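Reader: I am new to this one and would love a guided look. Could you walk me through it?

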Amino acid sequence: MGASGNQSFEERLAREILQSERARMLILAGLSASLVVVFPLLVLVQNYVRIFGTSWALQVVAVLVLLATYELVIRQVIGRRLEKGKTLPRRLRFLNAFVETSVPSILIVIGSRQVDAVYPLQSAAAYLYPVFIVLSTLRLDFRLSVFTGCVAAAEYVALSAVFIPGSAVAVGTLFALPPFYLAKGVTFVLAGFAAGFVADQIKRRVMSVVRALEDRQRIVNAFGQQVSPAIVEELLKQGPTIPSKRTFVCVLFMDIRDFTRLVEKKTPDEFVAYQNAVFGAAIEIVDRNHGVINQFLGDGFMATFGAPVATGRDCQNALITARELLAAVKALSDSGRIPATSIGIGLHAGEAVSGNIGSQARQQYSISGNVVILASRIEQLNKDYGSQLLVSAEVLRKAGEGDHGAKSLGMIQVKGRDEPIEIYRVA
């Protein structure tokens, strides 16, 4: 993957992370809104108003409302930036983390002004710190999670150091000992690292999945719909790139005889239906036998066996495919799905150059070499010999296991080749 590819990937990942950030903000807004409803009920039921006073309760509700509003506003801001193709500056993400994590500290300060500081420091407000730390994993940023844990620890320890010495309740108890609240601060820091580790692992897996999808898409773009899912999977095992190389292949050409006569009086819809019937069957057969249809030629197609993935029995697969194609077209004709149709098939095997051709913007997998030209020429000889399936001696030698019912036509001069080659009639 080039520099531009990496940049594009990072940009997309950054946008996905901000979408995760928006989900986190919606959760926090919902949590705050829920507390706005639940908190007054708890205050009334437990008669906290008599202890703390009405102003305290109103201040807590105001903080929760402000938090919910803040989260929704920032969420909208991020959404608009994403619509414009922009991301959120990193420093603002850290500032946002600081603001959110400071909310429990504000609640503790409000409570400490009404009652002894020990109570707010050990109240539910202090348990909001872990909530913010856990939700920081949705930022998918190790440093932001650690930062959240450190802010929570620093603020909690600082508040404890300021309020505990003046606490009457803490005198003579564990609450008055610095190690007590320092331990809680250390716990917040460790929780931040743990959340950061989880966030980093999630991010790595997201990146791995996205890169795997990009590799798959790169192969699909190179081959179009030429290959079966099984071959795509095999190519992915080999790596994301498809290098040009010399490889032994068996090339198959199929031609529909008298194609013009068959379709000249058909409507466009009928023409397409005819092609879909014939080529649909052909695609299924070629895929099943581990071949690749490199190109459709209007009245036929070219298929390759042995590239991009070799099976070790590619000539056998090509012969099986040819026979199945003849049977499939006959079945379609006999059933009346298509007009009576005859096809010609030619097979030749040899070395070819396989690989991607084109530019970075557009590439296509291609097979080139004399083996392709000769396979096409052999297919054309069917017209001269009144046959349906002709193959070269090379194909039969590589296929092995007998003559496959083939009859030698002798050494034949093929156009485009200086020396004659031995051709066999199989059908």
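Reader: Which ring does Lys 398 lie over?
Author: Welcome, and do keep in mind that this is a predicted model. Lys 398 is placed over a ring face, with 5.0 Å to the ring centre. The ring in question belongs to Phe 248.

Reader: And how far is the charged end of Lys 184 from the centre of the ring it sits over?
Author: Here the ring is that of Tyr 127. The charged end of Lys 184 sits over this ring, and its distance from the centre is 6.0 Å.

Reader: How many aromatic pairs does the structure hold?
Author: One of them joins Tyr 129 and Phe 188, with ring centres 5.3 Å apart and planes at 50°, so this pair is tilted. Counting every such pair in the structure gives 10.

Reader: How many residues apart in sequence are the parts that the pair of Tyr 129 and Phe 188 ties together?
Author: Tyr 129 belongs to helix H7, while Phe 188 belongs to helix H9 (residues 178-223). Both rings are buried: Tyr 129 has a relative accessible area of 0%, and Phe 188 has 6%. Because the two rings lie in these two helices, their pair ties together parts whose separation in sequence is 59 residues.

Reader: Is Phe 296 buried or partly exposed?
Author: Phe 296 forms a tilted aromatic pair with Phe 279, at 5.0 Å centre to centre and 55° between the planes. Phe 279 lies in helix H12 and Phe 296 in strand E2. Phe 279 is buried at 8% relative accessibility. Buried requires under 20% and exposed over 50%, so Phe 296, with 42%, is partly exposed.

Reader: Why is helix H5 described as largely enclosed by the rest of the structure?
Author: Helix H5 covers residues 103-112. Among its buried residues are Val 103, Leu 107 and Ile 110. The helix is called largely enclosed because its buried residues number 8 of the 10.

Reader: Where is Leu 140 found?
Author: Leu 140 has a positive phi of about 55°, although it is not a glycine. With a relative accessibility of 10%, Leu 140 counts as buried. Its place is the loop between helix H7 (128-135) and helix H8 (142-163).

Reader: Last one: is the peptide bond from Ala 307 to Pro 308 cis or trans?
Author: Pro 308 sits in the loop between strand E3 (300-305) and helix H13 (314-335). The bond that leads to Pro 308 from Ala 307 has omega near 10°, and it is cis.

Key: Residues numbered from 1 in each chain as written. Predicted model: local features only at pLDDT ≥ 70, side-chain atom pairs only at ≥ 80, totals over all residues. Heavy atoms only, no water. Helix = DSSP H or I, 4+ residues; strand = E, 2+ residues; numbered from the N terminus. Buried < 20%, exposed > 50% of the residue type's maximum accessible area, 1.4 Å probe, protein only. Phe/Tyr/Trp six-rings, centres within 6.5 Å; stacked < 30°, edge-to-face > 60°. Lys NZ or Arg CZ within 6 Å of the ring centre and 35° of its normal.
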